[in-house]
Amino acid sequence: MVSQTPSEIKNVEHVSICDVMKGNTSEIIRKHESVIPSFLQNYSNLYAEFLHVFDNIYGTCYINEKEFFDKLNIDHRFLKQLKDNSEYIKNRYLENIELSTRFLDEQIKMQTSAMHSFENFANIMMDSYQKSLPKLMGSLIHLNNLVLF
């Protein structure tokens, strides 16, 4: 270990633990925040591609229906029931999307509220610490003086 001279010690930049933690935490959160738009755009592009693929598949289905399925003489009551079942499933799926979206929205609100509560708690604790530290230091100095005599 290399010892430093008093002038070297004076030239060392003061480092605050609060600055280090705040800077690093802020940088990580800003990085997460900066990638959200591209993350959402990628998901949007993915679902646009799903829509494109299925539009093409069902476009081909119309052609095949005329050439193949019409020749099978499928009972139209069966097709009507198939349509009704498909509508029912679609509606349940859409309801689940709505429920999931509301759940996620409420979860974000709850997490934000918890963060505000933690912030208030941390501020109260830091204020309490700030007020208690001088008293504690005075007591320790007084106790140290008693032990020395």
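## A residue in the loop

Let's begin with Asn73, which counts as exposed because its relative accessibility is 66%, above the 50% cut-off for that word. This residue sits in the loop between α2 and α3. Its backbone has a feature worth finding in the viewer: phi of Asn73 is near 55°, a positive value in a residue other than glycine. As you explore, keep in mind that the model you are looking at is predicted.

## The overall picture

How many helices and strands does the protein have? There are 3 helices and 0 strands. Starting at the N terminus, the order of the elements reads α-α-α. Two of these helices will come up often below: α2, covering 17-67, and α3, covering 76-148.

Now for the surface. Of the 149 residues in the protein, buried ones make up 1%. The accessible surface adds up to about 14,600 Å², and carbon and sulfur atoms account for 64% of that area.

## The largest pocket

Here is a handy idea to start with: rolling a probe the size of a water molecule over the atoms shows where empty space is left. In this model, the largest pocket holds about 630 Å³ of space. It is lined by 15 residues, and those closest to its centre are Lys22, Thr25, Phe118, Glu119 and Ala122.

Which helix gives the most to this lining? That is α3, with 8 residues. Both α2 and α3 supply at least two residues each to the lining of the largest pocket. Sorted by character, the lining residues of this pocket divide into 7 nonpolar, 5 polar and 3 charged.

## A nonpolar patch on the surface

Next, look for a nonpolar surface patch of about 1,300 Å². Its members include Ile36, Phe39, Leu40 and Tyr43, and further along the numbering Val53, Phe54, Ile57, Tyr58 and Tyr62. Leu46, Tyr47 and Phe50 also belong to the patch.

Let's pick one of them, Tyr47, as an example. This residue has its place in helix α2. Is Tyr47 buried or exposed? With a relative accessibility of 52%, Tyr47 counts as exposed, since exposed means over 50%.

## Salt bridges along α3

Side chains of opposite charge can pair when their charged atoms come close. The model has 5 salt bridges in total, and three examples are described here. One of them joins the side chains of Asp84 and Lys80, with 2.8 Å from N to O. The two partners are 4 residues apart in helix α3, so about one helical turn separates Asp84 from Lys80. Asp84 has a relative accessible area of 32% and is therefore partly exposed, while Lys80, at 47%, also counts as partly exposed.

Another salt bridge links the side chains of Arg92 and Glu95, again with 2.8 Å from N to O. Arg92 and Glu95 lie 3 residues apart in helix α3, about one turn of the helix. Arg92 is partly exposed at 30% relative accessibility, and Glu95 is partly exposed at 41%.

## A third pair to find

Where do the side chains of Glu106 and Lys109 stand? They meet in a salt bridge, with 3.4 Å from N to O. Glu106 and Lys109 are 3 residues apart in helix α3, which means that about one helical turn lies between them.

The two partners of this pair fall into separate classes of exposure. Glu106 counts as partly exposed because its relative accessibility is 48%, whereas Lys109 counts as exposed because its value is 53%. The cut-off explains this, because a residue must be over 50% to be called exposed.

How values were computed
Residues numbered from 1 in each chain as written. Predicted model: local features only at pLDDT ≥ 70, side-chain atom pairs only at ≥ 80, totals over all residues. Heavy atoms only, no water. Buried < 20%, exposed > 50% of the residue type's maximum accessible area, 1.4 Å probe, protein only. Areas by Shrake-Rupley, 256 points an atom, 1.4 Å probe, with all protein chains shown as cover. 1 Å grid on protein atoms, 1.4 Å probe; cavity = no way out; pocket = protein on both sides within 12 Å on 5 of 7 lines; lining within 4 Å. Points joined across faces, edges and corners; volume = space filled by probe spheres on them. Nonpolar A, V, L, I, M, F, W, Y, C, P; charged D, E, K, R; others polar. Patch = residues over 30% accessible without salt bridge, like charges linked within 9 Å, V, L, I, M, F, W, Y side chains within 5 Å. Salt bridge = Lys/Arg side-chain N within 4 Å of Asp/Glu carboxyl O.
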